[in-house]
Amino acid sequence: MSENRSQIAVLTRGVTKTFGRGDNAVRALKGVDFDAQCGELIMLVGPSGCGKTTFLSVICGTMKADSGSVDVFGTDLVHLGGGKLTEFRGRNVGFIFQQFNLIPTWNILENASIPLLLQGQSRRKAQDAAAKLLTEVGLGERLDAHPRQLSGGQQQRVAIARALVHEPRLLICDEPTASLDAATGHKVLELLKASACREDRCVIVVTHDSRIFSFADRIAEMEDGVVTGVHNSGEYKAQYV
Amino acid sequence: MLRLALKMLYGDVAKFVMLLGGLTFCALLMTQQSGVFCGLMLWTTSTLRNIKVPIWVCDAKVEQVNEVVPMRDIEVNRVRSVEGVDWAVPLYWGLISARLRDGSFQPIQLTGLDSATMVGRPVKMTAGNIEDLRLPNAVVVDQIAIKKFKRKGIDLLVGDSFEINDKEARVVGICYAEQSFLGQPYVYTTYERALEYAPPQRKLLSFVLVKPKDGVPAAEVVERIRKIPGISAFTDEEFNDRTIDWYIKYTGIPISFGTVVLLGALVGIAIAGQTFYLFVHENVRHLAALKAMGAGNTLLAEMVFLQAFTVGTMGFGLGTGLTSIFGNIFLKVGEPPFFLPWQVLAFAGSIIVFICLFSATIGLLKVIRAEPAIVFR
């Protein structure tokens, strides 16, 4: 655990989100109170449909909450306008998706350099930084390869490089090991833990994969649109797994 | 990012080829068919360029240059008496049959020139001398006559002869003339001999060719000639426009060609629009991922429009390139007619731009509406 743990990275209070209207309305979030601290890797767990992904979308600013407050590194996302919110995400959030979402027609160097290019950095600078990170994740020899030429684990490593290349403070991971075998999933989490858990950074992982619970500093349990409890990983594994 | 947007476009080879093919086909169909249409319209007025004079005088009922309503010979002198006329000469111009030495017939455009001045003579002689038309039974034929006679197995050379209305016509020269609308070869002779070849009629004068005096505007002389009862007059430009307008108004040619051009545009919109929409649709997840990572709608719009305009420009270039290859072949062979003015290219270009704008906008709406959160689903 980091010494800087006391600094709050994400703080939400009473977050609600409803999809649809009238009889078809689905209340995905029913007043979520949550906090994550700097230097922490926190996992969000719970059954399918409990609102984990919706909550993740809200705290990373890709979806607006209907009500409540969402504070990420001191910025109130609820009241941030569209353009500013996009800019905030670009500078402060790194994403790792379940399906990797790598662009198949671009090589992995280009894929990994996207966040820096979006910040307006020159192609050369962006690709230098991306190449460095890809080398760190063991793909330095395959910079010209396209995603379809790589295994699932290698693609996820490209996604990690892409998520970290602009040094975001918040790293959002949605089921990062769902498409991977146990050994590869383990390596990916080791990589995440090692490269992401710095004192100025917070990692939030949504997962169903009990094999990786041991990597978490804390585990927040969600059910039916609310956070029902927060445990340390050992406690949680002992109690539920 | 824009360079990567193009890579995204080229990387999906199947869709890129489909898009390019659709737009190329659309541009080809529009420019090639419009080129043939314009060429056909040019053929309708070829007489005005083969017989280049400033003013044409004809019967008052004549609506366009390919329509002949014979006048009395006396009209030549009446025109000559109009103030501002420098000279006026008669012209016989009629469709008549020539009988070849193997007994077969070939329709010809018999053109009788004033024997004293040879006004309306062919611009370019490729063999013989136009002055030889004054020799007995002499005619000058154009390159189309040579081609048409050859198709019937007859090599027509200077010195050969054929019959027009049972009278001998001896070739004393070969000229180059622009093809007429009906595609019949031009056969030049003197006005007097043309009247001998022509079937007997009370009136035989087709046109009076006029030049205004130096310094007198042609339009002014035309106005004065029009005051003579029973006859009308046009400047060559006026007659040109009037002829094209007549063909556009009274024949089905524009509708026929217009339908093909419209179909070309519709096919382009359907194929290119649909394919581009599919291309964007399939990339929505990737574009939404970019959105999540901080790409604004403006950047995504730039990317989508760049992709649309790149493929549009390439399709337009390929389509018009193919049209120009076809056009060159047509012009070498001599038919079908072909003329590609810049307006046709501008028109086809605007349609392609419209197709690109349309399909890019439809695709873009999907991208703009897409919530970046879809990347988590």
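In this predicted model, A:Asp224 sits in the loop that joins strand S9 (218-223) to strand S10 (226-232) of chain A. The backbone there takes a positive phi, near 50°, even though the residue is something other than glycine. A:Asp224 is classed as partly exposed because 14 other C-beta atoms lie within 10 Å, a count between the limits of 12 or fewer for exposed and 20 or more for buried.

A positive phi also turns up at A:Phe100, again not a glycine, with a value of about 65°. This residue belongs to the loop between strand S6 (93-96) and helix H3 (108-118) of chain A. What places A:Phe100 in the buried class? The answer lies in its surroundings: A:Phe100 has 21 C-beta neighbours inside 10 Å and therefore counts as buried, the threshold being 20 or more.

Strand S6 of chain A leads into that loop, and its residues face in two directions. A:Val93 and A:Phe95 point one way, while A:Gly94 and A:Ile96 point the other way, and all are buried. S6(A) runs parallel to its partner S7(A), and four bridges join the pair. Within this pairing, A:Val93 is matched with A:Leu170 in S7(A).

Strand S7 (residues 170-174) of chain A also holds A:Cys173. This cysteine is buried because 28 other C-beta atoms lie within 10 Å, against a cut-off of 20 or more. Apart from neighbours within four places in sequence, the contacts of A:Cys173 are A:Ile96, A:Leu192, A:Val203, A:Val205 and A:Val206. One of these, A:Ile96, is among the buried residues of S6(A). A:Val10 is separated from A:Cys173 by 163 residues in sequence, and the two C-alpha atoms are 15 Å apart in space.

Elsewhere in chain A, four strands form an open sheet with antiparallel pairing, in the order S2-S1-S4-S5. Which strands stand at the edges? They are strand S2 (26-37) and strand S5 (75-76), each of which has a single partner strand, so one side of each is left without a neighbour in the sheet. At the S5(A) edge, strand S4 (residues 67-72) of chain A pairs with S5(A) in the antiparallel sense, over two bridges. A:Val72 lies opposite A:Thr75 of S5(A) in this arrangement.

Taken as a whole, chain A comprises seven helices and 10 strands. Its C-alpha atoms occupy a box of roughly 50 × 45 × 40 Å along the principal axes. The radius of gyration of chain A is 18 Å, which agrees with the value near 18 Å for a compact globule of 241 residues. Of these 241 residues, 48% count as buried. Among contacts in chain A with a separation of 6 or more, 71% are between residues 24 or more positions apart.

In soluble globular proteins, nonpolar side chains tend to be buried together. Here, the largest nonpolar core contains 126 residues, of which A:Leu134, A:Ala161, A:Ile204 and B:Leu23 touch the most other members. Helix H2 (residues 13-44) of chain B supplies the largest share of this core, with 14 residues. Around A:Ile204, once residues up to four places away in sequence are set aside, the touching residues are A:Ala36, A:Ile42, A:Leu44, A:Leu56, A:Ile59 and A:Ile172. A second, separate core has 58 residues, including B:Trp93, B:Ile144, B:Leu204 and B:Ala218.

Chain B is divided into two parts: domain 1 (2-44 + 252-376) and domain 2 (61-229). The C-alpha centres of these domains of chain B lie 48 Å apart.

How many residues does each chain bring to the contact? Chain B contributes 20 residues and chain A contributes 22 residues. On the side of chain B that touches chain A, the elements giving two or more residues are helix H1 (2-11) and helix H9 (253-292) of chain B. H9(B) gives the most to this side, with five residues. By residue type, the side of chain B that touches chain A comprises 12 nonpolar, four polar and four charged residues.

Terms used:
Residues numbered from 1 in each chain as written. Chains lettered and ligands numbered in written order. Predicted model: local features only at pLDDT ≥ 70, side-chain atom pairs only at ≥ 80, totals over all residues. Contact = placed C-beta atoms within 7 Å. Nonpolar A, V, L, I, M, F, W, Y, C, P; charged D, E, K, R; others polar. Rg over C-alpha atoms; globule rule 2.2 N^0.38 Å. Core = buried A, V, L, I, M, F, W, Y, C linked by C-beta atoms within 7 Å. Domains from an automatic or database assignment. Pairing = 2+ DSSP bridges.
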